[in-house]
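Me: Could you take a close look at the backbone of this one for me? I'd like the wider picture too, so start with the surface and work your way in.

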Amino acid sequence: MPPPGTVLKRLADLPDPGGAPAEYEPLPVLVLRAGDVVRAYVNVCPHAGRPLCLPSGRTLVSEGHVVCPFHGASFDIESGACTGGPAGRTGLKPVPVKVEAGKVVAL
Ligand code: FES
């Protein structure tokens with residue numbers, strides 16, 4: 001996990017609603033936003049281990065869910081729970097964060 005205090009993303013660089021990979025190399029992290037809800041998860045889909053965003057970083061977010069671009073599994077942004085598709089009941093692995101001074105920071 002990123003050490004506490006690590007800046008993962010500037011809020012201004014996050015689409016709303018949407019998501020983007022974090023600027024953090026040791027672990028792939030995806031930061032997601034839907035209004036006031038900001039969450040981060042390990043950027044690995046539990047279905048087949050692919051990233052949850054496209055190679056460009058574009059992330060498919062709709063109505064509070066992030067959709068894996070590879071086979072369409074969907075996950076609730078707020079909880080990381082799987083809500084449809086081939087990932088079964090396996091949810092996303094959370095990376096605890098807070099928003100502080102316009103930045104998404106690891107806890
Ligand atoms: S890798 Fe995400 S749905 Fe298959």
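Reply: The accessible surface of the protein chain comes to about 5,600 Å², with 52% of that area belonging to carbon and sulfur atoms. Keep in mind that this is a predicted model. As for charge, you have 10 positive and 9 negative side chains, and the centres of the two sets sit 5 Å apart. Of the 107 residues, 39% count as buried.

Now for what the backbone builds. There are 10 strands and zero helices, so reading from the N terminus you just get β-β-β-β-β-β-β-β-β-β. The radius of gyration is 12 Å, close to the 13 Å that the globule rule gives for 107 residues, so the chain is as compact as a globular protein of that length. Along the principal axes, the C-alpha atoms fill a box of roughly 35 × 25 × 25 Å. If you take the contacts between residues at least 6 apart in sequence, 40% of them join residues at least 24 apart.

On to the backbone spots you asked about. Most residues other than glycine have a negative phi, and most peptide bonds are trans. Against that background, start with the bond from Asp 16 to Pro 17: it's cis, with omega near 0°. Pro 17 sits in the loop between strand 1 (7-10) and strand 2 (18-21).

Next comes Glu 63, which isn't a glycine but has a positive phi of about 50°. You'll find Glu 63 in the loop linking strand 5 (60-62) and strand 6 (65-67), and its relative accessible area of 76% makes it exposed, because the cut-off for that is over 50%.

Then there's Ala 101, again not a glycine, with a positive phi of about 50°. Its loop lies between strand 9 (97-100) and strand 10 (103-106). Ala 101 is exposed as well, at 76% relative accessible area.

What about covalent cross-links holding the backbone? The structure has zero disulfides. Take Cys 53: the closest cysteine sulfur, in Cys 68, is 9.4 Å from its own, which is too far for a bond. Cys 53 is buried, at a relative accessible area of 6%. Cys 82 tells a similar story, because the closest cysteine sulfur, in Cys 45, is 7.8 Å away and that's too far for a bond. With 18% relative accessibility, Cys 82 counts as buried, since the limit is under 20%.

Notes
Residues are numbered from 1 along each chain as its sequence is written. This is a predicted model: local features need pLDDT of at least 70, side-chain atom pairs count only at pLDDT 80 or more; totals for chains, interfaces and linings use all residues. Side-chain values use heavy atoms; hydrogens and water are left out. Helices (H or I, at least four residues) and strands (E, at least two) are DSSP runs, numbered from the N terminus. The radius of gyration is taken over C-alpha atoms; the globule rule is 2.2 Å times the number of residues to the power 0.38. Buried means under 20% relative accessible area, exposed over 50%, partly exposed in between (1.4 Å probe, protein chains only). Contact means heavy atoms within 4.5 Å. Accessible areas come from the Shrake-Rupley method with a 1.4 Å probe; for residues, only the protein chains shown count as cover. Lys and Arg count as positive and Asp and Glu as negative; His and the chain ends are not counted. The place of a charge is taken as NZ of Lys, CZ of Arg, CG of Asp or CD of Glu. A disulfide is a pair of cysteine sulfur atoms within 2.5 Å.
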